[in-house]
Amino acid sequence: MFNLGSFLSTILGQDNTKKLREFSHQVEKINNVEQEFENKSSDELKLYASKLKERHSNGEELDSLLVESFALVREAAKRTLGQRHFDVQLIGGMILHNGGIAEMKTGEGKTLVATLPVYLNALTGRGVHVITVNDYLARRDSEWTGELLKYLGLSIGCIQSQMPPERRRENYECDVTYGTNSEFGFDYLRD
């Protein structure tokens, strides 16, 4: 039988065993509520999404909303993109949410993994920036994962290199804004 904890300990080393154990427990909790989210209608999922945002605005910490928000995003991804986050991708999302780096090879689902912490952190209402390396990826990711995030009630923006300032401002006002490291950097300096 496959043991996710020992697999990740082997890859990441023993120093991270405690954190990995915590992540594995979170994955178990997400998996335990998966059926509950599968049974919800689209309207119920969207209502659940708005209640998560309300709970955060009423003082609930993001970390206490992680299990529910990751389960919600997983179900929304199945419905909108036809893809389901694997357990290891859930852990990658937790690592990103905690400010860590989750290295993944091409084809292992980095773009899908990012939807988990992006959604969770967008609950703050302060805007989330997703940084890619070129305009093509920024546009592609904003369109592809934007479908999932819009389903959950978020607004999506995308900064492109030749975009006029007024359009940039509109896109920065969105819940989630995709763009390149250079565009975000130069916009910050220009502002």
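**Notebook: helix packing and aromatic pairs**

The crossing of helix 3 and helix 4 is left-handed. I note at the outset that the model is predicted.

**Entry 1. Helix 3 against helix 4**

I looked up the geometry of this crossing. The two helices, of which helix 3 spans residues 42-57 and helix 4 residues 62-80, pack at an angle of about 155° with their axes 11 Å apart. Angles over 145 degrees count as roughly antiparallel, and helix 3 and helix 4 are therefore roughly antiparallel to each other.

I then listed the contact residues. Helix 3 contributes Ser42, Leu45, Tyr48, Ala49, Leu52, Arg55 and His56. From helix 4 they are met by Leu62, Leu65, Glu68, Ser69, Leu72, Glu75 and Arg79.

**Entry 2. Aromatic pairs**

How many aromatic pairs does the structure hold? I found two. In one of them, the ring centres of phenylalanine 37 and tyrosine 48 lie 5.1 Å apart and the planes stand at 75°, so I recorded the pair as edge-to-face. Phenylalanine 37 belongs to helix 2 (residues 17-38) and tyrosine 48 to helix 3, so the pair ties together parts 11 residues apart in sequence. I checked the exposure of both partners. Phenylalanine 37 is buried, at a relative accessible area of 1%. Tyrosine 48 also counts as buried, at 18% relative accessibility, the cut-off being under 20%. Tyr48 is also among the helix 3 residues that meet helix 4.

The rings of tyrosine 172 and phenylalanine 184 have centres 5.9 Å apart and planes at 50°, so this pair is tilted. The pair links distant parts of the chain, with tyrosine 172 in helix 8 and phenylalanine 184 in helix 9, 12 residues apart. I asked of tyrosine 172: is its ring-bearing residue buried or partly exposed? Tyrosine 172 is partly exposed, with a relative accessible area of 26%, whereas phenylalanine 184 counts as buried at 11%.

**Entry 3. The two sides of helix 9**

Phenylalanine 184 led me to helix 9, residues 181-190. Which residues of helix 9 are buried? I noted Glu183, Phe184 and Asp187. They cover an arc of only 95° around the axis, which puts them on the same side of helix 9. On the other side, Tyr188 and Leu189 are exposed.

Finally, I looked up what covers the buried residues of helix 9. The cover includes strand 1 (128-132), helix 8 (165-172) and strand 3 (176-180). Helix 8 is also where tyrosine 172, the ring partner of phenylalanine 184, is located.

Definitions and conventions. Residues numbered from 1 in each chain as written. Predicted model: local features only at pLDDT ≥ 70, side-chain atom pairs only at ≥ 80, totals over all residues. Heavy atoms only, no water. Buried < 20%, exposed > 50% of the residue type's maximum accessible area, 1.4 Å probe, protein only. Arc of directions from axis to C-beta. Contact = heavy atoms within 4.5 Å. Phe/Tyr/Trp six-rings, centres within 6.5 Å; stacked < 30°, edge-to-face > 60°. Axes fitted to C-alpha atoms, helices over the stretch in contact; angles between N-to-C directions. Parallel < 35°, antiparallel > 145°, perpendicular 65-115°, else oblique. Left-handed = near helix turned anticlockwise from the far one by under 90°.
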